[in-house]
Amino acid sequence: MPALATLARIYVDDLDTALPTFTALAGEQPRLRFDYRGLELASVGGFLLIAGTPEALAPYRATQATVLVDDLDAVLPTGTVLDGPNPVPTGRNATLRHPGGAVIEYVQFGRPEDGAVTG
């Protein structure tokens with residue numbers, strides 16, 4: 001169940017305004033960009049930029065990081081599941097609160113036939 005990558009979650013007012021700064025910091029173009037639950041998200045380097053209205057962002061602000069894993073089901077017993085598992089544009093996710101209070105979103109990449117949301 002080792003983490004494949006950890007992304008720093010950066011909450012921004014406007015994704016298009018924020019992207020040039022983080023593209024320059026990361027030295028690369030966004031790898032992913034998609035909409036989900038009223039939010040706009042983009043992954044660039046080690047950052048996950050998340051934009052939306054204050055109301056749309058409110059349920060997600062307590063989540064401290066996004067961790068990519070190869071087996072979401074193996075992570076679930078390590079904490080209290082707060083949300084998920086859910087199909088998401090990139091595969092499946094779940095948000096857990098761990099002993100000590102850390103709130104982490106875990107994402108397992110997948111294909112549409114595995115339950116990933118498309119479009």
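In this predicted model, helix H1 runs over residues 15-26, and its twelve residues reach 15 Å from the first C-alpha to the last, close to the 16 Å expected at 1.5 Å a residue. At the start of the helix, Asp-14 comes into play: one of its side-chain oxygens reaches to within 3.3 Å of the backbone nitrogen of Asp-16. After the helix comes Gly-27, which has a positive phi, near 70 degrees.

The two sides of H1 are worth a look in turn. Leu-15, Ala-18, Leu-19, Phe-22 and Thr-23 are buried. These residues lie on the same side of H1, because the arc they cover around the axis is only 140 degrees. Thr-17, Pro-20 and Ala-24, on the other side of H1, are exposed. As for what covers the buried residues of H1, the cover includes four strands: E1 (5-12), E2 (32-36), E3 (39-44) and E4 (47-51).

Those strands appear again at the largest pocket, where E1, E2, E3 and E4 each supply at least two residues of the lining. Strands E5 (65-68), E6 (80-88), E7 (91-97) and E8 (103-109) likewise each contribute at least two. The space in this pocket comes to about 340 Å³. In total, 25 residues line the largest pocket, and those nearest its centre are Phe-34, Leu-41, Leu-48, Glu-105 and Val-107.

Terms used:
Residues numbered from 1 in each chain as written. Predicted model: local features only at pLDDT ≥ 70, side-chain atom pairs only at ≥ 80, totals over all residues. Heavy atoms only, no water. Expected span 1.5 Å × (residues − 1). Buried < 20%, exposed > 50% of the residue type's maximum accessible area, 1.4 Å probe, protein only. Arc of directions from axis to C-beta. Contact = heavy atoms within 4.5 Å. Polar contact = N/O pair within 3.5 Å; in protein donor to acceptor, adjacent residues only side chain to side chain. 1 Å grid on protein atoms, 1.4 Å probe; cavity = no way out; pocket = protein on both sides within 12 Å on 5 of 7 lines; lining within 4 Å. Points joined across faces, edges and corners; volume = space filled by probe spheres on them.
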